[in-house]
Amino acid sequence: MTGPAEPIDWVAANQRYLSAALEVVRQWLTGGPADAATRRRDEAGLAMPQPPALDAIGDAFGLSAFERDTLLICAGVELDTAVAQACAVAHGDPVRTYATFGLAMAKLPSAHWSAASPAAALRRWHLVDVAHPEAPMTSALRVDERVLHALTGIGYLDPRIEPLVEQMPARRAVPPALRDAADRLAAQWSSPSRSAAQLYGRQRSDLRAAAAAACEAIGLQPVCLRAGDLPATPVERDLLARICERETVLDGRAWLLDVDETAPDGARLAIDMAGRISAPVVVIAREPVPGAPARLAQIAVPPPRLGDVRTLWRDSLGTSAARLDGWLDRVAGQFDLELAGIDAAMAEIEPVLDDDDAGPRLWDACRRQARPPLDDLTQRIEPRAGWDDLVLPARQSRVLREVAVHVRHRLTVLHDWGFAARTGRGLGVAAMFAGPSGTGKTLAAEVLAGELALDLYRIDLSQVVSKYIGETEKNLRRIFDAAEAGGVVLLFDEADALFGKRSEVKDSHDRYANIEVSYLLQRMESYRGLAILTTNLKTALDTAFLRRLRFVVQFPFPDAAGRTEIWRKVFPAQTPTDGLDPVKLAGLTVAGGTIHNIALAAAFLAAAVDEPVRMSHVLQATRTEYVKLEKPLTDAEIAGWVAET
């Protein structure tokens with residue numbers, strides 16, 4: 001209301017009015033004639049295009065005439081030395097150049113004792129502060145600096161709040177799902193109680209955008225504070241709450257308290273703070289905060305519908321949307337980006353939208369924006385293998401290609417063709433890769449990730465599964481929540497660590513183990529990406545679990561023909577070789593993973609003597625590998641490799 005955006009003629013007029021008003025209180029303090037000064041003040045007010053800041057602040061805070069004049073004296077001490085000297089004259093002490101409640105009571109008209117109360121407007125909102133509260137009538141009164149500048153027509157955010165503020169997204173049109181939440185929040189704030197609310201959903205920047213849209217609808221400025229940065233003590237939070245309320249009155253601000261799950265105690269602080277602020281306030285969180293009071297209205301923000309996401313991308317791409325052919329649908333169907341993520345991807349791709357490879361580059365930009373922060377629980381694998389690197393029977397290869405088809409065309413089949421509305425089952429693509437170690441399960445996941453141009457994250461379930469009740473589910477939630485935006489390929493290695501046959505409930509640990517399995521099943525079915533589980537022993541898995549997987553691929557131990565093909569492909573084209581015989585090498589009864597280890601070791605042995613890789617190097621590497629595996633190397637396996645054997 002008094003911010004820098006006001007017209008300059010109002011600012012100049014406000015200064016004239018304030019000077020005239022200060023002359024009135026100076027006359028009251030010194031006992032001089034005030035009629036002429038009062039007339040000049042009133043004339044200055046009538047000439048203003050909008051009410052002066054003093055009147056606007058007085059009305060907004062419900063100040064009585066006496067409280068308003070007391071505030072004016074305190075401001076005058078800072079703005080006009082004549083007012084400070086008038087206070088000293090009134091006190092009869094040349095060093096007491098300040099106002100007190102006692103002085104105001106003695107010199108100002110319409111005085112009332114209640115104005116000095118801590119619960120009254122002047123002190124409640126810290127418009128003025130008493131230097132020594134134990135002596136409120138004789139102690140110096142100081143106008144708050146923020147209020148002083150507001151009286152002169154200068155608006156800004158209080159410096160005690162500024163360091164806590166988080167950046168808000170640029171205002172933009174929001175999709176219908178967010179618009180509905182914004183309308184409900186605006187209605188909540190516009191109700192007579194102006195009660196607080198809790199806005200929750202998966203995407204943090206979308207929640208902020210919905211809250212910002214609610215602010216815009218009722219003419220407020222959104223200010224976002226990170227809950228983890230709120231003061232630790234109740235007294236400090238109460239002071240901050242009063243300052244927030246004051247900012248709402250001075251400059252029309254609403255308060256967004258953003259709960260970051262990584263901040264300890266952030267949710268509790270946010271709920272407590274929301275209860276202290278008598279102004280438009282909303283708590284933003286991924287899920288409803290447990291223990292929140294019933295008066296805190298809960299507003300869910302669902303993810304935007306796919307049709308809305310398409311519209312968002314078309315609006316963002318403008319005329320370039322038509323040139324991207326099917327890439328727009330692929331991006332909309334695969335990546336669950338927040339509004340901020342879409343904006344960031346657009347900023348990255350905008351300079352090359354007219355290039356022929358704009359579609360793939362848009363995909364990669366979205367992939368980077370959606371990359372989950374999961375370094376402590378997962379390992380990101382850069383996909384380098386292709387279909388030619390995978391040696392499997394034709395049936396298994398065909399099923400793997402079907403997996404890729406299901407992921408790539410999920411938007412068309414499930415949503416455009418209506419299958420999503422016809423099934424109660426989850427819409428995620430989950431697969432089980434079963435087979436002995438080294439048969440290509442991880443390699444197949446890498447091939448699929450490369451084919452789909454998606455990130456691959458390997459999760460070691462031995463690290464995720466915890467002996468502490470509830471911790472495993474918490475870890476799984478973190479993984480799926482973080483991965484959801486990009487629909488990355490999740491590879492759960494050694495799945496039988498968690499997904500074995502569910503036990504009969506004998507104690508609380510058994511009960512929670514079953515809850516963890518059920519939770520994983522539910523998240524896999526709803527996950528928008530591809531979740532792959534690997535196991536060495538398919539028979540150890542619960543049949544009820546297997547029924548809920550869309551694909552189960554058995555990776556067999558390679559036969560002689562398969563091992564021959566693996567040996568043909570295991571050495572890169574640039575590796576120098578001499579006399580290697582894949583058919584003879586296939587006599588080793590080992591899986592592809594072991595073959596890779598032997599080939600790599602043989603290459604190092606050959607490089608050490610500056611020779612091409614020969615059968616003798618492979619033989620030496622094989623013997624070393626078999627010792628590691630504690631497996632005997634038979635003469636039959638290496639028959640005819642080299643003359644001396």
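A pocket here is an open set of grid points with protein on both sides within 12 Å along at least five of seven lines, and its lining residues have an atom within 4 Å of a point. Keep that in mind for the first half of this talk. One caution: the model is predicted.

Start with the largest pocket. Its volume is about 1,300 Å³. The lining takes in 40 residues. Nearest the centre lie Arg204, Asp260, Glu261, Arg286 and Asp481. Three elements give two or more residues to this lining: helix 10 (204-217), helix 15 (339-349) and helix 21 (471-483). Which helix gives the most to the lining of the largest pocket? Helix 21 does, with five residues. By class, the lining has 18 charged residues, 17 nonpolar and five polar.

Now the second largest pocket. It holds about 940 Å³ of space. Its lining has 32 residues, and closest to the centre are Gly438, Gly440, Leu443, Gly592 and Gly593. Four elements give two or more residues here: helix 19 (441-452), strand 13 (530-535), helix 25 (560-570) and helix 27 (592-608). Helix 27 gives the most, with five. The class split for this lining is 14 polar, 11 nonpolar and seven charged.

Next, enclosed space. Rolling a probe the size of a water molecule over the atoms shows where empty space is left. How many cavities of 30 Å³ or more does the structure hold? Two. The second largest cavity has a volume of about 60 Å³. Among its lining residues are Leu178, Gly201, Arg202, Gln203 and Asp206. Val301 and the prolines Pro302, Pro303 and Pro304 also line this cavity. That lining divides into six nonpolar residues, two polar and two charged.

On to the strands. Strand 13, which helps line the second largest pocket, pairs with strand 12 in the parallel sense over four bridges. Across that pairing, Leu490 stands opposite Ala531 in strand 13. Strand 12 also has a parallel partner in strand 11 (residues 456-460), joined by five bridges. There, Leu456 has Val489 of strand 12 as its bridge partner.

How many residues of strand 12 (residues 489-493) are buried? Five of the five, so strand 12 is largely enclosed by the rest of the structure. Both faces are covered. Val489, Leu491 and Asp493 are buried on one side, Leu490 and Phe492 on the other.

There is also an open sheet of six strands. The order is 3-5-6-7-4-8, with mixed pairing. Strand 3 (165-166) and strand 8 (297-300) are the edges, each pairing on one side only. Strand 3 pairs with strand 5 (residues 221-226) in the antiparallel sense, over two bridges. In that pairing, Val165 has Leu225 as its bridge partner.

Last, helix 2 (residues 35-46). It has 12 residues and reaches 17 Å from its first C-alpha to its last, close to the 16 Å expected at 1.5 Å a residue. Its buried residues are Ala37, Thr38, Arg41 and Ala44. Why do the buried residues of helix 2 line one face? Seen down the axis, they fall within an arc of 125 degrees, so they line one face of the helix. An α-helix has 3.6 residues a turn, so residues three or four places apart point the same way. The face of helix 2 turned away from its buried side carries the exposed residues Asp35 and Leu46.

Key:
Residues numbered from 1 in each chain as written. Predicted model: local features only at pLDDT ≥ 70, side-chain atom pairs only at ≥ 80, totals over all residues. Heavy atoms only, no water. 1 Å grid on protein atoms, 1.4 Å probe; cavity = no way out; pocket = protein on both sides within 12 Å on 5 of 7 lines; lining within 4 Å. Points joined across faces, edges and corners; volume = space filled by probe spheres on them. Nonpolar A, V, L, I, M, F, W, Y, C, P; charged D, E, K, R; others polar. Expected span 1.5 Å × (residues − 1). Buried < 20%, exposed > 50% of the residue type's maximum accessible area, 1.4 Å probe, protein only. Arc of directions from axis to C-beta. Pairing = 2+ DSSP bridges.
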